[in-house]
Amino acid sequence: MNITIVGAGRVGVHLAKYFSDEHQDVFLVDSDRNHLSVLESDFNLKTFQGQPIDFRTLREANTENADIFVAVTADTATNLVTCALAKSMGAKKTIARVDKYDFIEKINSPVIKNMGVDHVVYPDYLSALSVISALEHSWSYGWNDFNDGLIVMVAVTVDEDSPIVGFKLKDMYKESRNMHISALRRGSKTIIPHGEDYIVAGDVLYITTVQQGIEKVKTVTGKNDSVIKKVILMGGSKVAELTTRIAGKRYSFVIVEKNIERCRELTESCPEAEIIFGDGSDEDVLEEAGINNCDAFVALSDSSESNILGCLTANDKGVKRTVAEVEKEQFIPKAESFNIGAIINKPIITANSIFQIILDSDYSSSKCFAMKDAEVARMEIKEGSSLTKMPVKDLRLPKELSFAGLIRDGKGEIVTGNTVFQAGDNVIVFCLNGSLNKMEKFFRK
């Protein structure tokens, strides 16, 4: 598959790395040579320095033959125009990053499509949805569902007092047949585990289950829902504004913002939220905002360090749920070790949204979301596939992957060693980076 990406910022780099790992033909364009030089030497892709709105640059970057064309520069107008040009030049599917809510409203969708832009992604909006999900699923570290919730993959942090510390994975399966640990992250490393592996405090478990198994997952892992009503948002960012606009009737929001002009704007745009002028890293300001009797604390300032520290303060105050926006990836493992309830990373969220949009018609696969060193895909088993010949336990498959679950005849199922796949099954595959391409041949045969 030919993929052209315009913009070598954090989102563009995420996309380029992941697609490069899957051995796709990746062409990356940016106006800044410094953004490109390291990538070209470390990854299997071609880079081009030039302006996005330049026919020569676009032709050099194989736009005319692009199966997927993605424009993710920091400028919305540039992305829209570039996608329009790419579509007219022959690109099959175009995706543009935008920074205004207007562009994702359904009423404006026909106008966007008529321009030649097939899909738009709005990072701030996607991050706001992630914040709301973190509030709705207060017992989990992360939540992803497939096929309208037929299969759910929930990430759970293992606390020191968790009842499963020291358990072997195979012992957990004795507790419930409706769940499967597809992967675990220990420190900065993602591991595809096996039955003899032990669970230790600090692990993040990626557990696949079906709707009727969710309560059992909570019981086994020692997690409980918290009732969330009052929420403090530290930082009056666009993400904070969109969060209150979307969920303002479900929660009582207090926004703490240190820029007085921004406070005035928020008073107009977020009438249902209480706006407090002050530095959210100041404990006195947080006490004024009501941190001693709030249910959730969400740190959305432009500083990863301040967000982590703010959540630690909230933990000390006994706040039930903490969420931190951490833009610096190198800080994520440390933030997890501090027992912060959920981590929001806008570039990763945006890249994952683009993965969900992209359907690889040759392999009938959809990469659903990705982490730093792993990814999850939904893949359809074709007629005659070797995967249908014997039970899963007898298949000789790469050790870098795990079957998380499957959807068959409109129902979700957990994959076990005795599962025999059928043609037409949609299988959720969790695999380490670079190993998905090893699986594709099994699904196609």
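## Asp-409 and Asn-339: two loop residues with positive phi

In this predicted model, Asp-409 has a relative accessibility of 73%, so it counts as exposed, the cut-off being over 50%. Asp-409 sits in the loop that links S20 to strand S21 (411–413). Its backbone is worth a look too: phi is positive, about 55 degrees, although Asp-409 is not a glycine.

Asn-339 is another non-glycine residue with a positive phi, here about 65 degrees. You will find Asn-339 in the loop between helix H13 (332–337) and strand S17 (342–344). With 46% relative accessibility, Asn-339 counts as partly exposed.

## Helix H14 and its surroundings

Let's move on to helix H14, which covers residues 346–357. How far apart should the ends of H14 be, at 1.5 Å a residue? The 12 residues of H14 should span 16 Å, and the C-alpha atoms at its ends are 17 Å apart, which agrees. At the N-terminal end, Asn-345 acts as a cap: one of its side-chain oxygens lies 3.0 Å from the backbone nitrogen of Ile-348.

Is H14 largely enclosed or largely open? Because 11 of its 12 residues are buried, H14 is largely enclosed by the rest of the structure. The buried residues are Lys-346, Pro-347, Ile-348, Ile-349, Thr-350, Ala-351, Asn-352, Ser-353, Ile-354, Phe-355 and Ile-357.

## H1 against H14

One partner of H14 is helix H1 (residues 10–21), which packs on H14 at an angle of about 50 degrees, with the two axes 9 Å apart. That angle makes H1 oblique to H14. The crossing of this pair is right-handed.

On the H1 side, the meeting residues are Arg-10, Val-11, His-14, Leu-15, Tyr-18 and Phe-19. Facing them in H14 are Pro-347, Ile-348, Thr-350, Ala-351, Ile-354 and Phe-355. Ile-348 therefore has two roles in this account: its backbone nitrogen faces the capping side chain of Asn-345, and the residue belongs to the set that meets H1, where contact means heavy atoms within 4.5 Å.

## H6 against H9, with Tyr-125 as an example

Helix H6 (residues 123–136) and helix H9 (residues 238–247) have axes that come within 8 Å and cross at roughly 60 degrees. That makes H6 oblique to H9. H6 passes H9 in a right-handed crossing. From H6, the residues involved are Asp-124, Tyr-125, Ser-127, Ala-128, Leu-129, Val-131 and Ile-132. They meet Lys-238, Val-239, Leu-242, Thr-243, Ile-246 and Ala-247 of H9.

Tyr-125, in helix H6, is a handy residue to zoom in on. Which residues does Tyr-125 touch, not counting those up to four places away in sequence? They are Tyr-101, Ile-104, Leu-242 and Ile-246. Leu-242 and Ile-246 are among the H9 residues that meet H6. Tyr-125 counts as partly exposed because its relative accessibility is 22%, while buried would need under 20%. The C-alpha atoms of Tyr-125 and Asp-99 are 8.7 Å apart, with their positions 26 residues apart along the chain.

## H9 against H10

H9 also packs with helix H10 (residues 260–269), at an angle of about 20 degrees and with the axes 11 Å apart. Are H9 and H10 roughly parallel or roughly antiparallel? The two helices are roughly parallel, because angles under 35 degrees count as such. The contact involves Lys-238, Glu-241 and Arg-245 of H9, together with Arg-262, Leu-266 and Ser-269 of H10. Lys-238 is thus listed here and also among the H9 residues that meet H6. H9 passes H10 in a right-handed crossing.

## Two buried residues: Ala-86 and Pro-398

Ala-86 lies in helix H4 (residues 76–89). Its relative accessibility is 0%, so Ala-86 counts as buried. Leaving out neighbours within four places in sequence, Ala-86 is in contact with Thr-63, Phe-69, Ala-91 and Thr-94. Gly-410 is 324 residues away from Ala-86 along the chain, and their C-alpha atoms are separated by 37 Å.

Pro-398 belongs to the loop between strand S19 (374–380) and strand S20 (401–408). Is Pro-398 buried or exposed? At 18% relative accessibility, Pro-398 counts as buried, since the limit is under 20%. Pro-398 and Cys-431 are 33 residues apart in sequence, and the C-alpha to C-alpha distance is 9.3 Å.

Notes: Residues are numbered from 1 along each chain as its sequence is written. This is a predicted model: local features need pLDDT of at least 70, side-chain atom pairs count only at pLDDT 80 or more; totals for chains, interfaces and linings use all residues. Side-chain values use heavy atoms; hydrogens and water are left out. Helices (H or I, at least four residues) and strands (E, at least two) are DSSP runs, numbered from the N terminus. The expected span of a helix is 1.5 Å times one less than its number of residues. Buried means under 20% relative accessible area, exposed over 50%, partly exposed in between (1.4 Å probe, protein chains only). A polar contact is a pair of N or O atoms within 3.5 Å; within protein, one must be able to donate a hydrogen and the other to accept it, and residues adjacent in sequence count only if both atoms are side-chain atoms. Axes are lines fitted to C-alpha atoms, for helices over the stretch in contact, and angles run from 0 to 180 degrees between N-to-C directions. Angles under 35 degrees count as roughly parallel, over 145 as roughly antiparallel, 65 to 115 as roughly perpendicular and the rest as oblique. A crossing is left-handed if the near helix is turned anticlockwise from the far one by less than a right angle, and right-handed if clockwise.
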